[in-house]
Amino acid sequence: MSLENLQPAPKAKVMVYLPYYKTNNQRSALPLAIGLYEKGNLEGERRIEGGKNIPFVATWNVSSLPADPTRCRLQFDANADLSYETTMANYEFLNFVIELLIIFKKYRVVDFSKGFYHKLLDVDE
């Protein structure tokens, strides 16, 4: 699935999540972010500065309520030993999906933000 062909979520679904996002960037990306979220998975590459990008597969459970927990799992380089998992509220995970879409638009690479990896790896900022 290409992010170029991503379909935005219907307005009714977007309206449920809208109160959780304050900036114009977040709100304008929200329909596509929900569209991606509802797919339940994504293939991408972790950008490595000065090195080769590392491919990953992300999977997560899908729910329709913003406060419901989402469990997200990333597996890097098709290696079961390089699997990581975290749980957060849907609206929080959707914010990371919004950031991913912004990163994609800017760098043309499907990758999560540093903040997401801090959460995934349980690193305090």
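**Exercise 1. Find which residue lies over the face of Tyr107, and at what distance from the ring centre.**

Solution. The criterion comes first: a charge sits over a ring if NZ of Lys or CZ of Arg is within 6 Å of the ring centre and within 35 degrees of the ring normal. Arg47 is the residue that lies over the face of Tyr107, at 4.4 Å from the ring centre. This is a predicted model, in which local features need pLDDT of at least 70 and side-chain atom pairs count only at pLDDT 80 or more, while totals for chains, interfaces and linings use all residues. Residues are numbered from 1 along each chain as its sequence is written, and side-chain values use heavy atoms, with hydrogens and water left out.

**Exercise 2. Trace how strands S1, S2, S3 and S4 pair.**

Solution. Strands (E, at least two residues) and helices (H or I, at least four) are DSSP runs, numbered from the N terminus. Two strands pair if DSSP finds at least two bridges between them.

Step 1. S1 (residues 41-46) runs antiparallel to S2 (residues 54-60), and six bridges join them. Within this pairing, Asn41 stands opposite Thr59.

Step 2. S2 also pairs with S3 (residues 69-76), in the antiparallel sense, over five bridges. Here Thr59 has Arg73 of S3 as its bridge partner.

Step 3. Seven antiparallel bridges connect S3 with S4 (residues 83-89). Pro69 is matched with Ala89 of S4. S3 and S4 form a hairpin with six residues between them, and Asp77 in the turn has a positive phi of about 55°.

**Exercise 3. Determine which residues of S3 belong to its covered face and which to its uncovered face.**

Solution. In a regular strand the side chains alternate between the two faces of the sheet. The covered face of S3 holds Thr70, Cys72, Leu74 and Phe76. Pro69, Arg71, Arg73 and Gln75 make up the uncovered face.

**Exercise 4. Describe the geometry of the ring pair Phe96 and Phe116, and place both residues in the chain.**

Solution. A pair of aromatic rings is described by the distance of the centres and the angle of the planes. Rings of Phe, Tyr and Trp (its six-membered ring) pair if their centres lie within 6.5 Å; planes under 30 degrees apart count as stacked, over 60 as edge-to-face and the rest as tilted.

Step 1. The whole structure contains 13 aromatic pairs. In one of them, the centres of Phe96 and Phe116 are 5.4 Å apart and the planes stand at 75°, so the pair is edge-to-face.

Step 2. Phe96 belongs to helix H3 (residues 90-107) and Phe116 to helix H4 (residues 114-120), so that the pair links distant parts of the chain, 20 residues apart. Both residues are buried (under 20% relative accessible area; exposed is over 50%, partly exposed in between, with a 1.4 Å probe and protein chains only).

Step 3. Phe116 also pairs with Tyr117: with centres 5.7 Å apart and planes at 80°, this pair is edge-to-face. The relative accessible area is 0% for Phe116 and 7% for Tyr117.

Step 4. Ring pairs join these residues into a cluster that includes Tyr37, Phe56, Trp60 and Phe93.

**Exercise 5. Identify which element gives the largest share of the largest nonpolar core.**

Solution. A nonpolar core is a set of buried Ala, Val, Leu, Ile, Met, Phe, Trp, Tyr and Cys residues joined through side-chain atoms within 4.5 Å.

Step 1. The largest core has 34 residues, and Leu3, Leu74, Phe93, Phe112 and Phe116 touch the most other members. Two or more residues come from each of helix H1 (11-17), helix H2 (24-37), S2, S3, H3 and H4. H3 gives the largest share, eight residues.

Step 2. Among the buried residues of H3 are Phe93, Phe96, Leu100 and Ile103. H3 is followed by Arg108, whose phi is positive, near 60°.

**Exercise 6. State whether Ser113 and Gln7 are buried or exposed, and which residues they touch.**

Solution. Contact means heavy atoms within 4.5 Å; residues up to four places away in sequence are not counted.

Step 1. Ser113 is in the loop between H3 and H4. Its relative accessible area is 11%, so Ser113 is buried. Ser113 touches Phe96, Glu99 and Ile103.

Step 2. Gln7 is in the segment before H1. With 58% relative accessibility, Gln7 counts as exposed. Gln7 is in contact with Pro31, Leu32 and Gly35. Gln7 and Gly35 are 28 residues apart in sequence, yet 5.8 Å apart in space, C-alpha to C-alpha.
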